[in-house]
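Reader: I am in my first year and still learning to read protein models, so I would be grateful for a slow, careful look at one part of this one.

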Amino acid sequence: MAEGDPAAPKTRASAPAAALLASAFVVSTCGLIYELLASTLASYLLGDSVTQFSTVIGTYLFAMGLGSWCSRYVTRDELRLFIRVELLIAVLGGASAAALFVLFPLVEHFRVALYGLVLGIGFLVGLEIPLLIRILRGFDFRETVSNVLTFDYVGALVASLLFPLLLMPHLGMIRTGFLFGILNAGVALAVLLALPRASRFRGETVSAVLVLVALAAGFAASDRLQRWAEVASYGEPVIYAVSTKYQRIVLTRREDDLRLYLNGNLQFSSRDEYRYHEALVQPVLGRVVKPRNVLIFGGGDGLAAREVLRHPEVEHLTLVDLDDEMTSLFSKTAMLTALNKGALTDPRMTVINADGFRWAREAAATRAGSFDAIIVDFPDPVDYSVGKLYTETFYRAVRRLLAPTGAMVVQSTSPLVAPMAYWTVATTLEAAGLQTRGYHVYVPSFGEWGFVLAAAHPIPTSARIPAGGRFLTPAGDAALFDFPPDMARRPTPVNRLDNQVLVREFADAWSRYEG
């Protein structure tokens with residue numbers, strides 16, 4: 001009698017049936033991991049995490065539905081097809097993160113490759129559960145469906161917990177993909193070995209072993225693949241790379257040019273970062289009479305802190321940055337501490353690793369009016385998790401931390417490339433009850449870049465610029481505030497938590513600019 005024959009007697013679960021039920025748990029876990037990998041990788045490489053997660057997950061679920069619908073056309077040999085599907089998923093899903101990282105700098109239409117792979121994996125995953133149920137239909141149908149779906153849903157929960165808490169921080173995306181590919185292939189091999197007539201599936205058994213060996217080799221070479229992909233993407237020698245709980249940190253160096261990338265986005269070049277950081281810090285500190293107590297949001301590289309500590313009147317500096325691995329790297333690595341002049345270990349410095357949005361709202365209740373100057377140096381609003389740090393809600397909390405005579409500055413993207421996004425920051429600060437003055441500077445690595453000064457009082461037109469800088473002078477400070485017509489102010493909306501218009505404005509402008 002053939003496997004899955006409707007005339008087969010209903011019996012208690014045998015070893016093959018138990019292996020198949022256990023496989024429901026594993027394949028569900030693997031399927032969700034592949035979905036999360038594709039979504040996370042797309043948000044890293046393409047930005048706007050909400051859009052990437054929504055479109056990838058939607059495409060994946062559609063493909064699963066299509067696979068489930070097509071399973072009706074499988075009329076025989078379901079077990080053999082199940083094994084082959086598992087091996088195909090193991091290869092495609094296991095190698096998916098590595099393949100996408102490698103393809104990103106090489107193919108012009110990366111989204112085609114991304115969504116093609118998501119469709120393929122989703123379609124195969126959609127075949128799995130219907131095939132499992134049909135293979136097990138010789139047993140009690142209600143119990144079979146209940147067991148398969150239970151294992152499926154429990155596997156999904158396990159994957160959703162493992163991915164952010166264990167896999168991403170400790171294994172990274174490429175190694176995680178290969179690991180779960182190995183699990184998928186292991187399921188196929190375990191089912192084959194549990195079959196009473198395994199010799200009938202000799203070809204599938206050999207294939208399962210070969211796939212396991214290939215995926216294990218990929219797992220062992222994950223770091224090399226990641227480095228190769230990053231070198232191809234950045235076009236520069238990678239000297240350091242790590243995936244933390246929050247981001248991918250990459251350092252490159254070519255001759256005297258040391259560069260920092262977070263999630264693929266350039267943060268600074270050592271050749272011209274002084275222009276950015278002097279322009280970020282000196283105009284605001286120079287407009288505060290006595291900046292004794294200063295707060296920095298972001299700036300985990302310590303370069304803004306370096307500029308703050310050039311002011312001898314600064315008695316205490318607090319830096320709030322989300323990623324402890326970032327601040328640790330820039331406080332302990334010799335070539336990086338040489339760049340920031342040991343700012344993160346200065347006795348006047350206190351480093352707090354926390355979410356800036358949450359910390360500001362909590363600190364506003366206990367440290368209101370504590371800071372003479374506040375520097376907001378967050379990454380660009382590429383997605384909604386960063387966009388919340390540019391909202392009216394956040395700025396109202398920051399305003400409460402500001403001393404009555406104090407001033408703050410916000411890194412605000414390029415007023416030339418993204419003028420709507422730039423002036424939205426000013427409009428949002430004003431909605432939070434602050435007066436503003438925008439200014440801009442040319443940084444060769446970035447192009448024309450913008451900042452917004454804000455205070456609860458009229459902002460002075462002149463500033464005291466300390467001696468010893470490489471770029472900014474009192475005369476240069478005055479020139480920063482002149483905007484030509486193509487960067488001039490224009491009407492913009494307020495960026496609020498419930499609309500996040502800034503993220504869309506930023507993405508639209510930069511996508512047009514980058515073509």
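Which residue forms a salt bridge with E273, and how far apart are the closest N and O atoms of the two?

Author: The partner of E273 is R306, and the closest N and O atoms of this salt bridge are 2.9 Å apart. The two residues bring distant parts of the chain together, since E273 belongs to helix α10 (residues 273-285) and R306 to helix α11 (residues 303-308), with their positions 33 residues apart. The term salt bridge is used here for a side-chain nitrogen of Lys or Arg within 4 Å of a carboxyl oxygen of Asp or Glu. Helices (H or I, at least four residues) and strands (E, at least two) are DSSP runs, numbered from the N terminus.

Before going further, please keep in mind that this is a predicted model, in which local features need pLDDT of at least 70 and side-chain atom pairs count only at pLDDT 80 or more, while totals for chains, interfaces and linings use all residues. Residues are numbered from 1 along each chain as its sequence is written, and side-chain values use heavy atoms, with hydrogens and water left out.

Are the two partners buried or exposed? E273 counts as buried because its relative accessibility is 3%, and R306 is buried as well, with a relative accessible area of 10%. Buried means under 20% relative accessible area, exposed means over 50%, and partly exposed lies in between (1.4 Å probe, protein chains only).

Other salt bridges help to set this one in context, for by the rule above the count comes to 19. One of them joins R84 to E204, where the closest N and O atoms are 2.9 Å apart. This pair also links distant parts of the chain, with R84 in helix α3 (residues 78-94) and E204 in helix α8 (residues 202-220), 120 residues apart. Here R84 is partly exposed, at a relative accessible area of 45%, whereas E204 is buried, at 6%. Another salt bridge is made by the side chains of R348 and D346, with 3.2 Å from N to O, and R348 counts as partly exposed because its relative accessibility is 22%. Salt bridges that share partners also join D77, R80, R84 and E204 into one network.

If you now turn to the strands, you will find an open sheet of four, in the order β1-β2-β3-β4 and with antiparallel pairing. Its edge strands, β1 (238-243) and β4 (265-269), each pair on one side only, and neighbouring strands are turned by 15° against each other on average, direction ignored. Two strands are said to pair if DSSP finds at least two bridges between them; strand β3 (residues 257-262) and β4 pair over four bridges in the antiparallel sense, and the bridge partner of L260 in β4 is F268. Helix α12 (residues 324-332) packs on the sheet, touching β1, β2 (248-254), β3 and β4, and its direction makes about 30° with that of β2. Contact here means heavy atoms within 4.5 Å, and the angles, which run from 0 to 180 degrees between N-to-C directions, are taken from axes fitted to C-alpha atoms, for helices over the stretch in contact.

A last place to look is P458, which sits in the loop between β11 (447-455) and α18 (474-479). P458 is exposed, with a relative accessible area of 59%, and its C-alpha atom is separated by 8.3 Å from that of T436, 22 residues apart along the chain.
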